[in-house]
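Student: Please take me through one part of this model closely. I would like the packing of a helix pair, and then the sheet.

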Amino acid sequence: MKKIFIITGEYSGDIHGGKVAELLKEKMPEIVIEGIGGENLQKAGVKLFCDHSNMAGFGLSLKMIADHLSLEKKVCDYLLNDFKPDLVLCIDYGAFNTRVAKRLKGSGIKLYDYIPPQVWASRKWRIKNIKKYFDKVLCIFPFEEDMYKAEGIDVHYCGHPLISQLPEKANKEEFFNKHNLDITRPLVSVFPGSRPLELKFLAETLIGGAKLLQKQHPEIQFCISHAPSLNDDIFDKYVSGTDFKVIKGENQALLSVSDALILASGTVALEASLYNVPMVIGYKGPYILYLAYLLLRCIKKVSLPNIVTGEDIVPELIQAKFTKDNICYETERLLYDKEYRAGTIEKLKHVREKLSDKYSAKEVAECILNVL
C-alpha cells in the first residue's frame, strides 16, 4: 500500500493539494494520503495531521517562529517514526517546507516541491537548498523550467493551476442583481489583501484612493472584497466609514464582473489578468523590509502579469508611489481613457498566451504515480 503526505501552509495551497489528492485517489483508490492543510484536503479524503489555519502569517513574531519550529519537529518525527510515507508533496510555503525537506533528506522518502519559492524574483541562492533537499521540482511558470534545468535539478513544468481551476466569468447581470448593484454604472472593486498585516499597511490607502475617485466620479459604484481567511472583527475596522458594498467569499466572481480593480500585489493580479480586467497594483511594507527587498530582488517588476509577459501592462504603485492620489489617477485612466483601456485589455490577453493549457494538478498527480 502506497502512502503520501501533503504539506500546505495557506488556503491556496490547500485548494491545489485537494485537486491533486482527488486525482491520485481516482487513479490509485488504495493510496493512503495524510497531510497538513484545510477543508479542501479533507474533502478529498485526506486525513489531516493538523489544520494549517494558524500557519499562514505575514511578517515575523517570536510566537509564530516558535509555533512553526514546534510543528516542523512534530511532523518530521511523525513521518520518520510512524507514518513513513513513500513521498512527501510540499506545496508552496517555501521556508517551512524546505526545513522539513532538510530533516527528511536521506530517509528514503521521496521529496517533491510543487509551486517552489519564487527564487527568480529574490534571494536566488535559495535554489541551492532546493537542489540539495528535494528530489523533484514541479514548477508552474514556463520560464522556471529552464532555470532549474540549468542548475541540474530534476524539474517538470506542470502549468499554472489557475488555468484549470479559475471559474468562468460570472454572469454580470445575475451578480449585480444578487448584490443590488446598478448594471448601468461602472464598478470598481478593491482587494486590500488576505492577511491582517497586509490590511494594516495597505487597506487605508487602497480604500482612500477609491474614496477620492468616488468624489470625482459619483457615477462609479464600489465593492470591497472580504477574503474568507480574514475574521470579520479584523476586517470590519478597515472598511468602516465607507458606503462601499462588502462582498465576502466571492473573489473570482467579483474580479470577473468589475470594470477596473484596485489590488494589493499577489496572485489576485494573475487571476484578474486571466479575466482581462484592467487593474492598479499597490503595495507597501515596513521601510526596513523594503530596503532589504531592494537589496535582494532579482527583477524590478512585482506584479505577476508584468513578470509573466515581460511587459509593463499593469501600473505598479510601490512604497513611495503608493498614494491615494496615484491610485485615483491610474484607476481613472483605466476607466475613462478609452484608447489606454483598450490597449491594456489587449495586453492582458498575452498573460494566458504565455501560460500553457496544462491541467496542473493532473500533471502533478501523474508525476507522483509514475514514481510510486
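Tutor: Here is the helix pair, followed by the sheet. This is a predicted model: local features need pLDDT of at least 70, side-chain atom pairs count only at pLDDT 80 or more, and totals for chains, interfaces and linings use all residues. Residues are numbered from 1 along each chain as its sequence is written, and side-chain values use heavy atoms, without hydrogens and water.

Helices (H or I, at least four residues) and strands (E, at least two) are DSSP runs, numbered from the N terminus. Take α15 (residues 324–336) and α16 (residues 338–354): their axes come within 6 Å and cross at roughly 90 degrees. Axes are lines fitted to C-alpha atoms, for helices over the stretch in contact, and angles run from 0 to 180 degrees between N-to-C directions. The crossing therefore makes α15 roughly perpendicular to α16 (65 to 115 degrees). On α15, the contact (heavy atoms within 4.5 Å) uses E330, R333, L334, L335 and Y336. On α16, K338, Y340, R341 and T344 take part. These residues divide into four nonpolar, one polar and four charged.

Now the sheet. Six strands form an open sheet with parallel pairing, in the order β10-β9-β8-β11-β12-β13. Two strands pair if DSSP finds at least two bridges between them. β10 (245–248) and β13 (316–318) are the edge strands, each pairing on one side only. On average, neighbouring strands are turned by 20 degrees against each other, direction ignored. Four bridges join β11 (residues 260–264) to β12 (residues 279–283). M279 in β12 is the bridge partner of L261. Helix α10 (residues 232–239) lies across β9 (221–226) and β10, at about 155 degrees to β9.

Note on methods: Parallel < 35°, antiparallel > 145°, perpendicular 65-115°, else oblique. Nonpolar A, V, L, I, M, F, W, Y, C, P; charged D, E, K, R; others polar.
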